[in-house]
Amino acid sequence: MQPKDTTTNEGFKGFTNTDCPFLPCHKGVQREFNCLFCYCPLIAYECPGPYEVYTDRNGLTRKDCSACILPHDGYFKSWNFIQRWLEYPVVWSGKPQTDPPVRRPKPPGQEGED
Ligand code: SF4
């Protein structure tokens, strides 16, 4: 087995679970539907959304990601999106989506630069 950073086979970047009864679970996906990030790795981190905020029955503030297709729209596109946003993850503030959305976090020491 090759490590993913040296293989030329990019099959690990996505798949579509055609047996899933919820497929397509998000409307508006134009490319291959990527199920790899069914549980989005950015749920606890700042992200560009779109998302709504709600309070669950335990009183916890959560994101409702029903309208977001970023982790699902194309195997390579969604893989690259997740990798970029996890590069310098910032824990989600628990606040509602902003307009414009938050910008992708930068390396420590470069946060204020454009
Ligand atoms: S809004 Fe999209 S990118 Fe953000 S946590 Fe939800 S599914 Fe992931």
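User: How far apart are the end C-alpha atoms of residues 15-74, and how much of the span is helix or strand?

Analyst: In this predicted model, the two end C-alpha atoms lie 9 Å apart. The span is 0% helix and 13% strand. In its record, an unreviewed entry, UniProt places the feature "domain: Cysteine-rich small" at these residues.

User: Which elements does the protein chain have, and in what order?

Analyst: The protein chain has one helix and two strands. Read from the N terminus, the order is β-β-α. The C-alpha atoms fill a box of roughly 40 × 40 × 25 Å along the principal axes.

User: What makes β1 and β2 a pair of strands?

Analyst: Pairing needs at least two bridges between the strands. Strand β1, residues 52-55, and strand β2, residues 61-64, are joined by four bridges, so they pass that cut-off and count as paired. The two strands run antiparallel. One of the links is between Y54 and its bridge partner in β2, R62. Five residues lie between the strands of this hairpin, where G59 takes a positive phi near 85°.

User: Why is P21 called exposed?

Analyst: A residue is exposed if 12 or fewer other C-beta atoms lie within 10 Å of its own. P21 has 6 such neighbours, so it counts as exposed. P21 is found in the segment before β1. Its C-alpha atom is 23 Å from that of G11, ten residues away along the chain.

User: Why is P105 called partly exposed?

Analyst: Buried needs 20 or more other C-beta atoms within 10 Å, and exposed needs 12 or fewer. P105 has 17, so the value falls in between and P105 is partly exposed. P105 belongs to the segment after α1, residues 75-85.

User: What does P105 contact, leaving aside its neighbours within four places in sequence?

Analyst: P105 is in contact with E46, Y88, P89 and V90. In space, the C-alpha atoms of P105 and W85 are 7.2 Å apart, while in sequence the two are 20 residues apart.

User: How do you know that D73 is partly exposed?

Analyst: D73 has 18 other C-beta atoms within 10 Å. That is between the limits of 12 for exposed and 20 for buried, so the label is partly exposed. D73 sits in the loop between β2 and α1. Leaving aside neighbours within four places in sequence, D73 is in contact with V29, Q30, R31 and S78. The C-alpha atom of R104, 31 residues away along the chain, is 19 Å from that of D73.

User: Which residues make up the largest nonpolar core?

Analyst: The eight residues are L42, C47, Y51, C68, L70, F81, I82 and W85. To be in such a core a residue must be buried, so each of these has 20 or more other C-beta atoms within 10 Å. In soluble globular proteins, nonpolar side chains tend to be buried together. In the whole protein chain of 114 residues, buried ones make up 15%. Setting aside residues up to four places away in sequence, the core member F81 touches L70 and P71.

User: Which residues surround the ligand, and what is in the shell by class?

Analyst: The ligand is surrounded by C40, L42, I43, C47, G49, Y51, K63, C65, C68, L70 and P71. By class, nine are nonpolar, one is polar and one is charged. Lys counts as charged, so K63 is the charged residue. Gly counts as polar, so G49 is the polar residue. Several shell residues also belong to the nonpolar core, among them L42, C47 and L70.

User: What joins G49 to P50, and what joins L23 to P24?

Analyst: From G49 to P50 the peptide bond is cis, with omega near 15°. L23 and P24 are also joined by a cis peptide bond, where omega is about -5°. P50 is in the segment before β1, and P24 lies in that segment too.

User: What share of the contacts with a separation of 6 or more is between residues 24 or more positions apart?

Analyst: In the protein chain, that share is 56%.

Key: Residues are numbered from 1 along each chain as its sequence is written. This is a predicted model: local features need pLDDT of at least 70, side-chain atom pairs count only at pLDDT 80 or more; totals for chains, interfaces and linings use all residues. A residue is near a molecule or strand if its C-beta atom, placed from the backbone, lies within 6 Å of it. UniProt positions are given in the numbering used here, feature names are shortened, and annotations may be inferred rather than shown by experiment. A nonpolar core is a set of buried Ala, Val, Leu, Ile, Met, Phe, Trp, Tyr and Cys residues joined through C-beta atoms within 7 Å. Two residues are in contact if their C-beta atoms, placed from the backbone, lie within 7 Å.
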